[in-house]
Amino acid sequence: TSEALERFGAWCGSGSMASDKTIARDVAFARWLGLTRLDVIVNDHSAARTERVFDTYPRSKIVALCSAATKAGLEVNLMSWIMPHEQYLRDGVQTLVELLTETDASSVMFDAEEPWTQARKPMSYSTAAALVAEGLKGYRWGVTGIGYASAEKLGPLVRSAAYMVPQAYITSGTHSLDPAHDPFVLSKHW
């Protein structure tokens, strides 16, 4: 049997929140596409591997984009990068709790890619996951990562989360995934 997809979403980031005009344009485009969910990217720590300060794009811009999307009937979630470094996580969960309150977002989704799996001098992954779970206690949060990522490194975070979204995609430079087959295999990994 096949089930119809009920929720369709997209990520949007700094380009979408650059101005009132881009916010209005991208929210209208999301509605036109039939999307029901927007994951608002609150920072870009994708290149980080060593411990760094947790920061976000300007809060007022994040709040404005989230508010416009909510008013348009879209479910809003916050997306943040994550790294297994203690002060980064403590500051991050505090900032994200504040943003959840300010934006009325449904959840936080952590992108646990290379900054998480290839972090230099990480704390133990189970300790890092516990710190996130404690800091976000009472809030809904999830994890996304490449479907074939290390279960040893991502596993503790995934087990603590409310949901997991495995990524399975092909870029113009990679042709190793078969879209007809591999999403099912990668999903089973988690």
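## Sheet, helices and selected loop residues

In this predicted model, G9 has R37 as its bridge partner in β2. That pair belongs to the contact between strand β1 (residues 9–12) and β2, where four bridges join the two strands and the strands run parallel. R37 also has a bridge partner in β3, namely E75. Further along β2, I41 is bridged to M79 of β3. In total, five bridges join β2 to strand β3 (residues 75–81), and these two strands run parallel as well.

The chain connections between these strands involve two helices. β1, helix α1 (residues 20–33) and β2 form a right-handed β-α-β unit. From β2 the chain crosses through helix α2 (residues 59–71) to β3, and this β-α-β crossover is also right-handed.

**The sheet as a whole**

The strands above are part of an open sheet of six strands with parallel pairing, in the order β1-β2-β3-β4-β5-β6. β1 and β6 (163–167) are the edge strands, each pairing on one side only. From one strand to the next, the twist averages 25°. Helix α2 packs on this sheet and touches β1, β2 and β3. The direction of α2 makes about 150° with that of β3.

How many of the five residues of strand β2 are buried? Five of the five residues of β2 (residues 37–41) are buried, so the strand is largely enclosed by the rest of the structure. In a regular strand the side chains alternate between the two faces of the sheet. In β2, R37, D39 and I41 lie on one side and L38 and V40 on the other, and all of them are buried, so that both faces of the strand are covered.

**H45 and its surroundings**

H45 is in the loop between β2 and α2. Is H45 buried or exposed? Its relative accessible area is 1%, and H45 therefore counts as buried, the limit being under 20%. Leaving aside neighbours within four places in sequence, the contacts of H45 are R52, V53, F54, D55, W81, Y88 and P115. With one of these, R52, the contact is polar: side chain to side chain, at 3.4 Å. W81, another of the contacts, is 36 residues away from H45 in sequence, yet the two are 5.8 Å apart in space, C-alpha to C-alpha.

A second pair separated in sequence involves I146, which is located in strand β5. I146 and D111 are 35 residues apart in sequence and 9.1 Å apart in space, C-alpha to C-alpha. I146 is buried, with a relative accessible area of 12%.

**Helices α5 and α6**

In α5 (125–135), the buried residues include Y125, A128, A129, L131 and V132. These residues cover an arc of only 155° around the axis, which means that they are on the same side of α5. An α-helix has 3.6 residues a turn, so residues three or four places apart point the same way. What covers the buried residues of α5 includes α3, β4, α4, β5 and α6.

Helix α6 (residues 151–160) has L154, G155, P156, L157 and V158 as its buried residues. Their cover includes α4, α5, β5 (141–146) and β6. Helices α5 and α6 thus each appear in the cover of the other.

**Two loop residues with positive phi**

Most residues other than glycine have a negative phi. D104 and K121 are set out below, since each has a positive phi although neither is a glycine, and each is exposed.

| Residue | Phi | Loop | Relative accessible area |
|---|---|---|---|
| D104 | about 60° | between α3 (86–103) and β4 (108–111) | 62% |
| K121 | about 55° | between α4 (114–117) and α5 (125–135) | 78% |

D104 sits in the loop that leads from α3 to β4, and K121 in the loop between α4 and α5. Why are D104 and K121 classed as exposed? Exposed means over 50% relative accessible area, and the values are 62% for D104 and 78% for K121. H45, also a loop residue, is by contrast buried at 1%.

Conventions
Residues numbered from 1 in each chain as written. Predicted model: local features only at pLDDT ≥ 70, side-chain atom pairs only at ≥ 80, totals over all residues. Heavy atoms only, no water. Buried < 20%, exposed > 50% of the residue type's maximum accessible area, 1.4 Å probe, protein only. Pairing = 2+ DSSP bridges. Right-handed = clockwise from strand over helix to strand, strands pointing away. Contact = heavy atoms within 4.5 Å. Polar contact = N/O pair within 3.5 Å; in protein donor to acceptor, adjacent residues only side chain to side chain. Axes fitted to C-alpha atoms, helices over the stretch in contact; angles between N-to-C directions. Arc of directions from axis to C-beta.
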